[in-house]
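Here is a short report on one protein chain. Have the sequence and the model side by side as you read.

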Amino acid sequence: MNVLDDIIAGVREDLAARERQVSLDELKARVRSAPDAIDPLPAFQSHGVSVIAEVKRASPSKGALAQISDPAKLAAQYETGGASAISVLTERRRFGGSLDDLVAVRRAVEIPVLRKDFIVTAYQLFEARAAGADIALLIVAALTDSELAGLIERATSIGLTPLVEAHTGEEIERAVAAGATVIGINNRNLQTLEVDTSTFAKLAPLVPEGIVRIAESGVKGPKDVFELSRVGADVVLVGEALVTGDDPQTAVADLVAAGAHPACPHR
């Protein structure tokens, strides 16, 4: 069993426990009464490189990263720094997150919020939307073609924007075939947790024009934003570099400024 399989096994166990506590019908009722989702595409498709800033306590590769006692406060700092969206890790066992974190962040910011988790069922999409998410991560490597297409369709039908994550050329082909309009290219191999920062540059040309390209993992500072823009990034997703720094608001502002710099290639 590789790392991704192990994580998903734990996710399914935790999911089964939540399903016993809250029915799908109850979640659907919550979604029907929830405010409309915020569309992230206008920001993601705007001039320059947008920044998704992440609330992330831990990771399978590094263990504990930061003591985040107030995720809402951190998210508000990210928003003030100019982030276009906030990513919230909600997986509990390896990342120390929860849906409560997402709820708190949603209340604190006015920009789109991403539920970053290992989503394998429609129940989790309804959970995400009921908690206030506007975007949901779908990982190609964790899903069959039919599962991926079905989850993209379901997410869209309830107002969520699917962020479809790929790590290989074959996974990009599968994402496009399933109908993805936003594709994240992860420099981290989720089966081994190794990071190769050249992955985005190799794979970005395979993403058809008109689809938003998000660079994930390994983004540490403004120089990386310049380089990723040069090879086709529309958006960067940054977590570890922000939560381990001393001033997350300024760190986000520096990334945003790099993405907006006249010398930075744009769409």
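Start with Asp-145, which is partly exposed because its relative accessible area is 48%, short of the over 50% that counts as exposed. This comes from a predicted model. Asp-145 belongs to helix α7. Its side chain joins that of Arg-174 through a polar contact of 2.5 Å. Ile-8 is 137 residues away from Asp-145 in sequence, and their C-alpha atoms are 17 Å apart in space.

**The barrel**

Where does α7 fit in the fold? The chain is built around a closed barrel of eight strands, in the order β1-β4-β5-β6-β7-β8-β9-β10, with parallel pairing. From one strand to the next, the twist averages 25 degrees.

Strand β7 (residues 161-166) shows the arrangement in detail. On one side, β7 pairs with strand β6 (residues 135-139) in the parallel sense, over five bridges. Thr-161 of β7 is the bridge partner of Ile-135. The chain gets from β6 to β7 by way of helix α7 (residues 145-157), in a right-handed β-α-β crossover. Helix α7 lies across both strands and runs at about 155 degrees to β7.

β7 also pairs with strand β8 (residues 182-186), again in the parallel sense, over three bridges. Glu-165 has Gly-184 of β8 as its bridge partner. Val-164 stands opposite Ile-183, also in β8. Here the connection is helix α8 (residues 169-178), and β7, α8 and β8 form a right-handed β-α-β unit.

How enclosed is β7? Six of its six residues are buried, so the strand is largely enclosed by the rest of the structure. In a regular strand, side chains alternate between the two faces of the sheet. β7 follows suit: Thr-161, Leu-163 and Glu-165 point one way, while Pro-162, Val-164 and Ala-166 point the other. Residues on both sides are buried.

**Helix α4 and the core**

Helix α4 (residues 71-81) lies across β1 (50-55) and β4 (85-89). Its direction is at about 165 degrees to β1. Buried residues in α4 are Pro-71, Ala-72, Leu-74, Ala-75, Tyr-78 and Gly-81. An α-helix has 3.6 residues a turn, so residues three or four places apart point the same way. The buried residues of α4 pack against β1, β4, α5 (99-108), α11 (240-243) and α12 (248-260). After α4 comes Gly-82, with a positive phi near 110 degrees.

Nonpolar side chains in soluble globular proteins tend to be buried together. In this model the largest nonpolar core has 88 residues. Those with the most contacts inside it are Tyr-78, Ile-86, Leu-125, Ile-214 and Val-236. Two of these names meet directly: Ile-86 is in contact with Tyr-78. Other contacts of Ile-86 beyond four places in sequence include Ile-52, Val-55, Val-105, Ile-111 and Leu-114.

**A buried polar contact**

Which backbone atom does the side chain of Asp-234 approach? A polar atom of that side chain lies 2.8 Å from the backbone nitrogen of Arg-213. Asp-234 sits in the loop between α10 (222-230) and β10 (235-238). Arg-213 sits in strand β9 (residues 212-216). Asp-234 counts as buried because its relative accessibility is 2%. Arg-213 is buried too, at 13%. Besides Asp-234, Arg-213 touches residues including Ile-183, Phe-200, Gly-232 and Val-235.

**Positive phi outside glycine**

Most residues other than glycine have a negative phi. Leu-193 and Ser-217 depart from that pattern. Phi of Leu-193 is near 70 degrees, and phi of Ser-217 is about 75 degrees. Leu-193 lies in the loop between β8 and α9 (199-203), Ser-217 in the loop between β9 and α10. Are these two loop residues buried or exposed? Both count as buried because the cut-off is under 20% relative accessible area, and Leu-193 has 16% while Ser-217 has 17%.

The table gathers the accessibility values for the residues discussed one by one.

| Residue | Relative accessible area | Class |
|---|---|---|
| Asp-234 | 2% | buried |
| Arg-213 | 13% | buried |
| Leu-193 | 16% | buried |
| Ser-217 | 17% | buried |
| Asp-145 | 48% | partly exposed |

Key:
Residues are numbered from 1 along each chain as its sequence is written. This is a predicted model: local features need pLDDT of at least 70, side-chain atom pairs count only at pLDDT 80 or more; totals for chains, interfaces and linings use all residues. Side-chain values use heavy atoms; hydrogens and water are left out. Helices (H or I, at least four residues) and strands (E, at least two) are DSSP runs, numbered from the N terminus. Buried means under 20% relative accessible area, exposed over 50%, partly exposed in between (1.4 Å probe, protein chains only). A polar contact is a pair of N or O atoms within 3.5 Å; within protein, one must be able to donate a hydrogen and the other to accept it, and residues adjacent in sequence count only if both atoms are side-chain atoms. Contact means heavy atoms within 4.5 Å. Two strands pair if DSSP finds at least two bridges between them. A crossover is right-handed if, with the strands pointing away from the viewer, the path from the first strand over the helix to the second runs clockwise. A nonpolar core is a set of buried Ala, Val, Leu, Ile, Met, Phe, Trp, Tyr and Cys residues joined through side-chain atoms within 4.5 Å. Axes are lines fitted to C-alpha atoms, for helices over the stretch in contact, and angles run from 0 to 180 degrees between N-to-C directions.
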